[in-house]
Amino acid sequence: MVTENKKKRGLIIVSNRLPLSVKEENGTYKSSLSSGGLVTALSGLTKSTNFRWFGWPGKAIEDPEEQKKVSDALAENSAVGIFLSEQLAQDHYNKFSIAFNEDAWEAYQRVNEIFADTVAKEAANGDLIWVHDYHLLLLPSLLRERLKKQGKNCPIGFTLHTPFPAEDFWRAIPVQKDLLKGLLACDVIGFHTDEGANAEKEGQLEYEGHTACVGTFVVGIDPQKFNDSMQDPDVQKRIKELERRYEGKTVIIGVDRLDYTKGLVQKLEGWDHFLKTYPELEGKVTLIQVAIPSREDVKEYQELEKEISTLVGKINGEHGM
């Protein structure tokens, strides 16, 4: 028999950015679901699980009354906003993750502490807490400390949505021990590749008397959502248009965020090499690459977009596409 306590156990999802867009309309705010890989991967949860999603709402809101309005709008979609100043959000999100420096590291620590304070306060004893991605590597340890002081026992899981850094690069990070300490406070740590999940004892890592289970868990999609979309008349019409356009050709499709971690430049260079190596396949094989803009206010991402656009133009020009 399921106990009353287990029936009420909640799920708390924590990510740097909420999967919602917040817009002001006539003095009030409304929130709507935004796009993104994490949103797509977890969309199926909305049908089977009651959960709350904690994260930054994507804009700096310092006025307490405005924060209350935004919080009310987010609550309608089971979300809890963690408010950060513009400078703190920028230094944490757009600086520390790209190039290490002391100011950015301080911002990274401070944001993880703010997240820990908010989540620990809102969590109920026994709630499952699921932390996402490299922006919050310190959070599990900070959360564990705060929950213990409050007499709460909450299992903590973590999923890394990018490849774990190569060993030589990881060891060169000045604060890698701090990051590992934060991560190893989890009960379960999930990676996307076996390279990140290696452990001396299969499936387990021990640190300061705490054991974390480690595994490779590939993020999937909500298949029913895509099956339903296939029945849409507009989708069917578009499919037929594409079938006619690419009839007799082999089509390779890539859909990625415009992010340097996605290897888009390397993919395009590989495609160029393929066409040069097998010129007889020109016109018979087509690559369609969709790149969704990301962090458009960051210089490095602006430069990446220019590099990709230049490379696409060069490949299309040389191979007559």
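Strand 7 (residues 156–159) and strand 8 (residues 188–191) run parallel and are joined by three bridges; strands here are DSSP runs of E with at least two residues, helices are runs of H or I with at least four, and both are numbered from the N terminus. Two strands count as paired if DSSP finds at least two bridges between them. Thr-159 has Gly-190 in strand 8 as its bridge partner. Gly-190 in turn is partnered by Gly-215 in strand 10, and strand 8 and strand 10 are likewise parallel, with four bridges between them. This is a predicted model, in which local features need pLDDT of at least 70 and side-chain atom pairs count only at pLDDT 80 or more, while totals for chains, interfaces and linings use all residues. Numbering starts from 1 along each chain as its sequence is written, and side-chain values rest on heavy atoms, with hydrogens and water left out.

Zooming out, these strands belong to an open sheet of eight with the order 5-4-1-6-7-8-10-9 and mixed pairing. Strand 5 (79–81) and strand 9 (204–207) sit at the edges, each pairing on one side only. On average, neighbouring strands of the sheet are turned by 20° against each other, direction ignored. At the strand 9 edge, the pairing with strand 10 (residues 210–216) is antiparallel, over four bridges, and Tyr-207 stands opposite His-210 in strand 10.

Next come the helices on this sheet. Helix 6 (residues 102–122) lies across strand 1 (11–17), strand 4 (51–56) and strand 6 (128–132), and runs at about 160° to strand 4. Axes are lines fitted to C-alpha atoms, for helices over the stretch in contact, with angles running from 0 to 180 degrees between N-to-C directions. Helix 5 (residues 86–96) comes in alongside: its axis and that of helix 6 come within 8 Å and cross at roughly 115°. The residues that meet there include Leu-88, His-92 and Phe-96 from helix 5, and Trp-105, Tyr-108 and Val-111 from helix 6, with contact meaning heavy atoms within 4.5 Å. Over in the loop between strand 4 and helix 4 (64–75) is Lys-59. Its C-alpha atom is separated by 8.7 Å from that of Ala-89, 30 residues apart along the chain. Lys-59 counts as partly exposed because its relative accessibility is 31%; buried means under 20% relative accessible area, exposed over 50%, and partly exposed in between (1.4 Å probe, protein chains only).

Helix 13 shows a clear split between its sides. At 1.5 Å a residue, its 14 residues (264–277) should span 20 Å, and the end C-alpha atoms are indeed 20 Å apart; the expected span is 1.5 Å times one less than the number of residues. Leu-264, Val-265, Leu-268, Trp-271, Asp-272 and Leu-275 are buried. Seen down the helix axis, the buried residues fall within an arc of 125°, so they line one face, the arc being that of the directions from the axis to the C-beta atoms. Turned away from that buried side are the exposed residues Gln-266 and His-273.

What covers the buried residues of helix 13? Strand 11 (250–257), strand 12 (285–292) and helix 14 (299–319) are among the elements that do. Helix 14 contains Ile-315, which counts as buried because its relative accessibility is 3%. Leaving aside residues up to four places away in sequence, Ile-315 touches Leu-268, Trp-271, Asp-272 and Leu-275. The C-alpha atoms of Ile-315 and Asp-272 are separated by 6.2 Å, though these residues are 43 residues apart along the chain.
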